[in-house]
Amino acid sequence: MFSRDSNNKSEKSISGSSSVIGTEMQIKGNIKCQGRLVIKGRVNGNIECDDINISSEGNLKGNIKAIESFIDGNFEGDVFAESLGIGASANIKGKLYYNSLKAQPGAKLDVQLIIGLEKDKKAKGSNKESLTK
């Protein structure tokens, strides 16, 4: 009746699921989750997840650490993301650390763009190399 394949399918759908903070929700505090997080409401705190999407009606004040990030709403803080996307209705203030960036025209940005997630480590390593030569 139950097979191993059907169990694997349910595990994949759970890990690929999304969590949504709705437009009527306000959260104060840090959030750590697996999978995708969609913010349509207001969050005041740091977020660590695999994939985050701040929708056009979303508002986040805090830092983001994620593999994939897409910001189309209001954001104030620092982002550390492998891949960062910026939507046309985004309003962003802070430092953005990324390896890949895609942005749509129209966003309001007061940011410092920093390529690479480990810039400080690389800078320290390069100083050691130049001192030994």
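Colleague: Why is N53 called buried?

Modeller: This is a predicted model, and the value is computed from it. N53 has a relative accessible area of 16%. Buried means under 20%. The value falls under that limit, so N53 counts as buried.

Colleague: Where does N53 lie, and which residues does N53 touch?

Modeller: N53 lies in strand β6, residues 47–54. Leaving out residues up to four places away in sequence, N53 touches R36, L37, V38, I39 and F70.

Colleague: Stay in β6. What makes D51 and R36 a salt bridge?

Modeller: Their side chains meet at 3.9 Å, N to O. The rule asks for a Lys or Arg side-chain nitrogen within 4 Å of an Asp or Glu carboxyl oxygen. The distance is within 4 Å, so the pair qualifies. The pair links distant parts of the chain: D51 is in strand β6, R36 is in strand β4 (residues 36–39), and they are 15 residues apart.

Colleague: How many salt bridges does this rule give?

Modeller: The count comes to 1. As background, side chains of opposite charge can pair when their charged atoms come close.

Colleague: Why are D51 and R36 called partly exposed?

Modeller: D51 has a relative accessible area of 24%. R36 has 32%. Partly exposed is the class between the buried limit of 20% and the exposed limit of 50%. Both values fall between those limits, so both residues are partly exposed.

Colleague: Now the cysteines. How do you know that C33 and C49 are in no disulfide?

Modeller: A search of the whole structure finds 0 disulfides. For C33, the nearest cysteine sulfur is that of C49, 4.5 Å away. For C49, the nearest cysteine sulfur is that of C33, also 4.5 Å away. A disulfide needs the two sulfur atoms within 2.5 Å. At 4.5 Å the pair fails that test, so neither cysteine is in a disulfide.

Colleague: Is C49 buried or exposed?

Modeller: C49 is buried, with a relative accessible area of 7%. The limit is under 20%, so the call follows.

Colleague: What makes the rings of F80 and Y97 a stacked pair?

Modeller: Two values decide. The structure holds 1 aromatic pair, and the rings of F80 and Y97 have their centres 4.5 Å apart and their planes at 5°. Centres within 6.5 Å make a pair, and planes under 30 degrees apart count as stacked. Both values meet the rule, so this pair is stacked.

Colleague: Where do the two rings sit in the chain?

Modeller: F80 is in strand β10 (residues 79–86), and Y97 is in strand β11 (residues 91–103). They are 17 residues apart, and the pair links distant parts of the chain.

Colleague: Why do F80 and Y97 get the labels they have for exposure?

Modeller: F80 has 31% relative accessibility, which lies between 20% and 50%, so F80 is partly exposed. Y97 has 17%, which is under 20%, so Y97 is buried.

Colleague: Let us turn to I64. Why is I64 called buried?

Modeller: I64 is at 1% relative accessibility. That is under 20%, so I64 is buried. I64 is in strand β8, residues 64–71.

Colleague: Which residues is I64 in contact with?

Modeller: Leaving aside neighbours within four places in sequence, the contacts of I64 include I47, I52, I54, S69, I71, F75 and F80. I64 and E76 are 12 residues apart in sequence, and 9.9 Å apart C-alpha to C-alpha.

Colleague: What about S69? Why is S69 called buried?

Modeller: S69 is found in strand β8 too. S69 has 4% relative accessibility, under the 20% limit, so S69 counts as buried. Beyond four places in sequence, S69 is in contact with I52, I64, V79, A81, S83, L84 and G85.

Colleague: Which residues have the most contacts inside the largest nonpolar core?

Modeller: They are I39, I47, I52, L60, I64 and I71, in a core of 22 residues. Strands β4, β6, β8, β10 and β11 each supply at least two residues of this core.

Colleague: And the whole protein: how many helices and strands are there?

Modeller: There are 2 helices and 12 strands. Of the 133 residues, 31% count as buried.

Notes: Residues numbered from 1 in each chain as written. Predicted model: local features only at pLDDT ≥ 70, side-chain atom pairs only at ≥ 80, totals over all residues. Heavy atoms only, no water. Helix = DSSP H or I, 4+ residues; strand = E, 2+ residues; numbered from the N terminus. Buried < 20%, exposed > 50% of the residue type's maximum accessible area, 1.4 Å probe, protein only. Contact = heavy atoms within 4.5 Å. Phe/Tyr/Trp six-rings, centres within 6.5 Å; stacked < 30°, edge-to-face > 60°. Core = buried A, V, L, I, M, F, W, Y, C linked by side-chain atoms within 4.5 Å.
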